[in-house]
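Hi,

Here is the structure I promised to pass on. Have a look at it first, and then read my notes below.

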Amino acid sequence: MKNKPSKIPRLSLDHVTKEYAKDVYEPSADTYLLVDAIESDAMTGRLNKCFTKSDSKTSNAFHIVEIGCGSGVVITSVYHILQQYVFPTFEKPNYFVSEFIVTDINAKALGWSQLTCVQTTLLESLELDQRIDLLIFNPPYVATELSELERAHNERQLAAAWAGGPNGTFWIDILLPCVSTLLSKDGAFYLVTIASNNPYHILQVMKTQFHLFGTITFFFFFPFQLAKQKIEKFLILNMSVQKRNFVIANGKRKGERKKGYPTPF
Ligand SMILES: C[S@@+](CC[C@H](N)C(=O)[O-])C[C@H]1O[C@@H](n2cnc3c(N)ncnc32)[C@H](O)[C@@H]1O
């Protein structure tokens, strides 16, 4: 938990009008918990290790990527967090640049952002393998019928922000096998879950099948009503690649993903 007051500026939410919130997920308890978790790790220096300028880094830029950016509050806050706590620790001259990339299926969410924005599912069509230093996802995590998720996704409805299919983990399950390939050598992944997503099982699967070491970096009881469901406990998972050297098995690098994501529907 954070013990020092936040040093990041209060963000302007002028764009989050009632009209806007009819189409785009409004910044909510989960949004701010995710920001708090990341800031807390930045304050303790834990986040710095994602931004080590090792010679083995495949690119000269840091890549900070958020899937499902919604209102943009998380990525904008992360920009301020890095400026405040992480980047000033670099020696000068700093030849590394940072690129902030966001995706969302909802074009209205992307409209406000000043960053590189891509309307896509997860990170489909982006070539970011082994380049992402910080990957962030506050996914649709509420358990729903698969048909509800499918309708919301195909029609780009606001419900796509929370409809997570059975167990609420539909998108999480598709993304997780790709994470170790997406992350840079020292990269980290922050994922929001709720108790019913079975986060301990997620961490176990990530470790045994996908070479990702994860911890629950933050949890919070915060009764919150979403899509008529009461959500009480949020958990923020932090995962990083256990070993970058993949085991070669049958001529294939174990843990390497095939190009693209499985087509969901
Ligand atoms: C719970 S909201 C989080 C929004 C924002 N990141 C926040 O924390 O306030 C989930 C976001 O993911 C987007 N989304 C849903 N399914 C997605 C998918 N398959 N690929 C990318 N974004 C998706 C939704 O449109 C929504 O903006």
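**What I found**

Phe137 stands opposite Leu191 in strand 5. Keep in mind that this is a predicted model. That pair is a handy way into the sheet: strand 4 and strand 5 run parallel and are joined by five bridges. On strand 5 you can also pick out two pairs with strand 7, since Ala188 sits across from Ser240, and Tyr190 faces Asn238. Strand 5 (residues 183–194) and strand 7 (residues 229–241) are antiparallel, with seven bridges between them.

Now zoom out to the sheet as a whole. It is open, has seven strands in the order 3-2-1-4-5-7-6, and its pairing is mixed. At the edges you will find strand 3 (116–119) and strand 6 (212–226); each has a single partner strand, so one side of each lacks a neighbour in the sheet. On average, neighbouring strands are turned by 15° against each other, ignoring direction.

Two helices to look at next both pack on this sheet. Helix 6 (residues 170–182) touches strand 4 (132–137), strand 5, strand 6 and strand 7, and its direction makes about 160° with that of strand 5. Helix 7 (residues 199–210) touches strand 5, strand 6 and strand 7, and makes about 155° with the direction of strand 6. As for strand 5 itself, ten of its twelve residues are buried, so the rest of the structure largely encloses it.

On to the inside. In soluble globular proteins, nonpolar side chains tend to be buried together. Here the largest nonpolar core has 71 residues, and the ones touching the most other members are Leu34, Leu135, Val179, Tyr190 and Ile236. Helix 3 (residues 73–86) gives the most to this core, with eight residues. Which residues does Ile236 touch, leaving out those up to four places away in sequence? They are Leu33, Leu34, Ala37, Tyr190, Val192, Thr217 and Phe218.

Several of those names bring us to helix 2. Helix 2 (residues 29–43) has 15 residues and spans 21 Å from its first C-alpha to its last, close to the 21 Å expected at 1.5 Å a residue. Its buried residues are Asp30, Leu33, Leu34, Val35, Ala37, Ile38, Glu39, Ser40 and Asp41, and the cover over them includes helix 3, strand 5, strand 6 and strand 7. Just after helix 2, Gly45 takes a positive phi of about 90°.

Helix 2 turns up again around the ligand, where it provides the largest share of the shell, three residues. Helix 2, helix 3 and strand 2 (97–104) each supply at least two residues there. Of the 25 residues around the ligand, Thr31, Gly68, Gly70, Asn138 and Ala161 come nearest.

One last spot to click on is Lys233, in strand 7. Is Lys233 buried or partly exposed? It is partly exposed: 15 other C-beta atoms lie within 10 Å, whereas 20 or more would make a residue buried. Its contacts, again not counting residues up to four places away in sequence, are Ile194, Ala195, Phe219 and Phe221. Phe221 is twelve residues away from Lys233 along the chain, yet their C-alpha atoms are separated by 4.4 Å.

Cheers

Key: Residues are numbered from 1 along each chain as its sequence is written. This is a predicted model: local features need pLDDT of at least 70, side-chain atom pairs count only at pLDDT 80 or more; totals for chains, interfaces and linings use all residues. Two strands pair if DSSP finds at least two bridges between them. Helices (H or I, at least four residues) and strands (E, at least two) are DSSP runs, numbered from the N terminus. Axes are lines fitted to C-alpha atoms, for helices over the stretch in contact, and angles run from 0 to 180 degrees between N-to-C directions. Two residues are in contact if their C-beta atoms, placed from the backbone, lie within 7 Å. A nonpolar core is a set of buried Ala, Val, Leu, Ile, Met, Phe, Trp, Tyr and Cys residues joined through C-beta atoms within 7 Å. The expected span of a helix is 1.5 Å times one less than its number of residues. A residue is near a molecule or strand if its C-beta atom, placed from the backbone, lies within 6 Å of it.
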